[in-house]
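Me: Please take one part of this structure, the place where something is bound, and go through it closely. I would like one connected account, with the surroundings of the site brought in where they help.

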Amino acid sequence: MRVTQQHIREHNKDAEEEHTASFLPLVDQLDGKDVEVDLLIDQIASFQVAIPSWALGAGGTRFGRFPVGGEPGSLQEKITDVGLLHALNRSSGAISLHIPWDIPEDTTAVRALAGELDLVFDAVNSNTFQDQENQEHSYKFGSLSHTDAAVRKQAVEHNIEVIRYGDALGSRALTVWLADGSNFPGQQNFQKALRRTRESLEEIYTELPDDWQMLIEYKPYEPNFYSMVIPDWGTSFLLAGKLGAKARTLVDLGHHLPNTNIEQIVATLSMEDKLGGFHFNDSKYGDDDLTTGAIKPYQLFLIFSELIEGTEDRADLENNIAWMIDASHNVKDPLEDLLQSVEAIKKAYAKALLVDRRGLEEAREANDPVLAQELLQDAFQSDVRPLLREARIRSEAAADPLRLYRELDVRGQLIEERGSDTIATGL
Ligand code: RM4
Ligand code: MN
Ligand code: MN
């Protein structure tokens with residue numbers, strides 16, 4: 001199944017009239033506010049968000065899993081799925097692999113297929129939270145922090161192997177998320193566990209190519225429910241600081257306790273040049289992995305607002321931070337969900353670009369919280385959808401990707417090609 005330029009052209013022709021009716025008045029309005037509309041559209045168009053290879057099939061909970069049908073059964077099929085998304089929105093031009101869920105056996109062929117679909121490889125993720133078949137040592141009681149040096153060595157070697165795969169594919173970052181921790185008070189020596197983790201990370205860091213980054217995730221709980229070795233941004237920041245300039249913190253939006261001020265974390269990390277990347281998703285309670293922007297769109301907007309404030313310029317923002325989705329889809333078609341997520345991320349970015357930064361700074365300096373709120377709300381309440389649509393049309397993407405996806409019955413076609421009982425590896 002391919003989405004062709006012909007499909008896009010026909011769809012966009014149908015959408016033209018309705019689009020123009022909403023876009024032109026918005027241009028007038030933005031002109032009146034001295035916004036450089038073309039520049040804005042250009043910024044929206046070039047912003048790319050990587051798609052996780054582990055979230056292209058139906059996810060599940062420990063209570064069950066309900067396949068959607070037509071799920072990708074191989075890495076090639078996963079790349080094809082991301083290619084479909086990118087053809088529809090021209091905003092998902094990268095894929096992030098999780099190893100060993102996806103092992104690129106034939107790297108040349110995998111790279112060629114990705115190249116054909118105009119995709120690059122974003123960060124590669126290691127997995128030391130599950131035991132694999134034929135694995136010598138178990139990660140039941142941890143990996144990089146384990147009490148037994150042999151287990152730590154196995155986990156270090158796995159991470160180095162992941163770097164090698166990534167290098168062959170053109171990736172430039174390794175994301176490490178550790179499930180290590182303890183379930184009961186007294187089970188683990190906190191200091192020793194953290195020190196061992198640091199030493200293991202140092203061994204991996206030594207193997208990192210010069211132009212690579214190591215992105216360190218944190219998470220307060222799950223799968224361990226009493227303590228996690230890297231529970232919060234402070235611990236990730238501490239490790240990244242000890243490791244060196246190539247190590248930075250990765251913020252997964254779902255990995256915070258309820259009501260955490262994530263935008264403030266983003267500001268602090270940006271200030272210290274330690275913000276390495278994002279895993280976008282949304283949540284009500286914890287690591288829910290729901291569609292980005294589905295629950296807290298204002299938080300997402302505030303995060304982007306801090307990002308714009310914290311980065312030097314557009315190139316810095318677009319290229320120096322790894323933008324990835326990390327979600328799981330229990331009831332939605334994963335591809336539809338990912339289209340919605342990318343759209344929500346870009347909406348938040350576009351709105352944050354509309355903030356009157358100078359006015360906001362003046363309001364802050366003058367201790368005028370009312371005006372500060374008005375300025376933020378003015379941007380947040382703007383309907384930026386016509387800008388996103390225009391950005392897509394100019395990039396030869398679909399005016400309305402989700403609509404075209406449904407019109408073409410992409411899922412139906414994938415089911416026809418792949419059958420209804422394939423199960424994708426991943427979450
Ligand atoms: C974790 C974490 C990691 C992801 C795994 C599958 O909660 O978010 O980034 O790779 O889930
Ligand atoms: Mn994550
Ligand atoms: Mn997670």
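Reply: A polar contact is here a pair of N or O atoms within 3.5 Å. The model is a predicted one, and three such distances tie ligand 1 to side chains: an oxygen atom of ligand 1 is 2.4 Å from an N or O atom of Glu-217, an oxygen atom is 2.7 Å from one of His-98, and an oxygen atom is 2.8 Å from one of Asp-326. On its own ligand 1 would expose 290 Å², of which the protein buries 96%. The residues around ligand 1 are His-98, Trp-101, Trp-177, Glu-217, Lys-219, Asp-252, His-255, His-279, Asp-287, Asp-326 and Leu-427; by class, this shell holds 5 charged, 3 polar and 3 nonpolar residues.

Several members of the shell also serve as metal donors. The manganese ion (ligand 2) is coordinated by Glu-217 and Asp-326 through OE and OD respectively, together with Asp-252 (OD) and His-279 (ND1), at 2.1 to 2.4 Å. Glu-217 and Asp-326 therefore appear twice in this picture, as donors to the manganese ion (ligand 2) and as residues with a side-chain atom within 3.5 Å of an oxygen atom of ligand 1. The angles among the 6 donor atoms of this ion run from 73 to 168 degrees, and its site is octahedral. For six octahedral donors the ideal angles are 90 or 180 degrees. Along the chain, the donors follow the spacing E-x34-D-x26-H-x46-D. Two of them show how distant parts of the chain are linked: His-279 belongs to strand 11 (residues 275-280), whereas Asp-326, 47 residues apart from it, sits in the loop between strand 12 (322-325) and helix 11 (334-353). Both of these residues are buried.

The manganese ion (ligand 3) lies 3.9 Å from the manganese ion (ligand 2). Its coordination comes from His-255 (NE2) and, through two OD entries, from Asp-287, at 2.2 to 2.7 Å. This pair, too, links distant parts of the chain, since His-255 is in the loop between strand 10 (247-252) and helix 8 (262-271), while Asp-287 is in the loop between strand 11 and helix 9 (297-310), 32 residues apart. His-255 has a relative accessible area of 4%, and because buried means under 20%, it counts as buried. Both His-255 and Asp-287 are also listed in the shell of ligand 1.

The backbone around these residues has some features that deserve attention. The loop between strand 11 and helix 9, which carries Asp-287, also holds Asp-289, a residue other than glycine with a positive phi of about 60 degrees; Asp-289 is buried, at 9% relative accessible area. The peptide bond from Ile-99 to Pro-100 is cis, with omega near 15 degrees, and Pro-100 occupies the loop between strand 4 (94-99) and helix 4 (107-116). A second cis peptide bond joins Glu-222 and Pro-223, with omega about 10 degrees, and Pro-223 falls in the loop between strand 8 (213-217) and strand 9 (227-228). Most peptide bonds are trans, and most residues other than glycine have a negative phi.

How values were computed
Residues are numbered from 1 along each chain as its sequence is written. Chains are lettered from A and ligands numbered from 1 in the order in which they are written. This is a predicted model: local features need pLDDT of at least 70, side-chain atom pairs count only at pLDDT 80 or more; totals for chains, interfaces and linings use all residues. Side-chain values use heavy atoms; hydrogens and water are left out. Donors are N, O and S atoms within 2.8 Å of the metal (3.2 Å for Na, K and Ca); water is not among the atoms, so sites may look incomplete. Four donors count as tetrahedral if all angles lie between 85 and 135 degrees; four count as square planar and six as octahedral if opposite donors are over 155 degrees apart and all others between 65 and 115; anything else is irregular. Helices (H or I, at least four residues) and strands (E, at least two) are DSSP runs, numbered from the N terminus. Buried means under 20% relative accessible area, exposed over 50%, partly exposed in between (1.4 Å probe, protein chains only). A residue is near a molecule or strand if one of its heavy atoms lies within 4 Å of it. A polar contact is a pair of N or O atoms within 3.5 Å; within protein, one must be able to donate a hydrogen and the other to accept it, and residues adjacent in sequence count only if both atoms are side-chain atoms. Accessible areas come from the Shrake-Rupley method with a 1.4 Å probe; for residues, only the protein chains shown count as cover. Ala, Val, Leu, Ile, Met, Phe, Trp, Tyr, Cys and Pro count as nonpolar, Asp, Glu, Lys and Arg as charged, and the others, Gly among them, as polar.
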